[in-house]
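Student: Could we go through this model together, taking the strand pairing and then the aromatic rings?

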Amino acid sequence: MTTAVSVDLRAPARLTIYLAQGASGTVEVTVTDANGNPFDLTDYEITYRAETPTAITKTVGGGITVGDPPSGVFDIVFEPEDTASLTIEGVRSFTHECRIEGASGAIYAIFTGTLVVQETLFTA
């Protein structure tokens, strides 16, 4: 599963990500400035967090990849172990957020919203 989202820094997106329990997935995020141009992610820390019982946290080099910082594109990669141990009966929703922080201390919310994890018929 790959989901793509484009985000304007003027207003964080409201994003719902759907994952099957114990499955892999990737969310490709494109960040743009007020004029719709790619936002250069050079020297920015990127953090994703989902408030599951044992929080899912992703950072650059630890679940977040940035191929070409000036392009404004990064991927959040979910591994099966991120959700495999959750107690899910049917569907569960968790609050999540992604933000970037520059060397100057500037912090931008990229998106907030919900991580939805659906129970699977397969065991991890």
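Student: In what sense do strand β2 and strand β9 pair, and over how many bridges?

Tutor: Strands are DSSP runs of E of at least two residues, numbered from the N terminus, as helices are (H or I, at least four), and two strands pair if DSSP finds at least two bridges between them. Here β2 (residues 13-20) and β9 (residues 107-118) pair in the parallel sense over eight bridges, with valine 116 in β9 as the bridge partner of tyrosine 18. Strand β8 (residues 91-102) pairs with β9 in the antiparallel sense over eleven bridges.

Student: How far should I trust the coordinates?

Tutor: This is a predicted model, in which local features need pLDDT of at least 70 and side-chain atom pairs count only at pLDDT 80 or more, while totals for chains, interfaces and linings use all residues. Residues are numbered from 1 along each chain as its sequence is written, and side-chain values use heavy atoms, with hydrogens and water left out. The mean pLDDT (the predictor's confidence in each residue, from 0 to 100) of the chain is 90.

Student: How many aromatic pairs are there?

Tutor: Rings of Phe, Tyr and Trp (its six-membered ring) pair if their centres lie within 6.5 Å, and planes under 30 degrees apart count as stacked, over 60 as edge-to-face and the rest as tilted. The count comes to five aromatic pairs. The rings of phenylalanine 39 and tyrosine 108 have centres 5.9 Å apart and planes at 70°, so this pair is edge-to-face. Phenylalanine 39 lies in the loop between β3 (25-32) and β4 (44-50) and tyrosine 108 in strand β9, so the pair ties together parts 69 residues apart in sequence.
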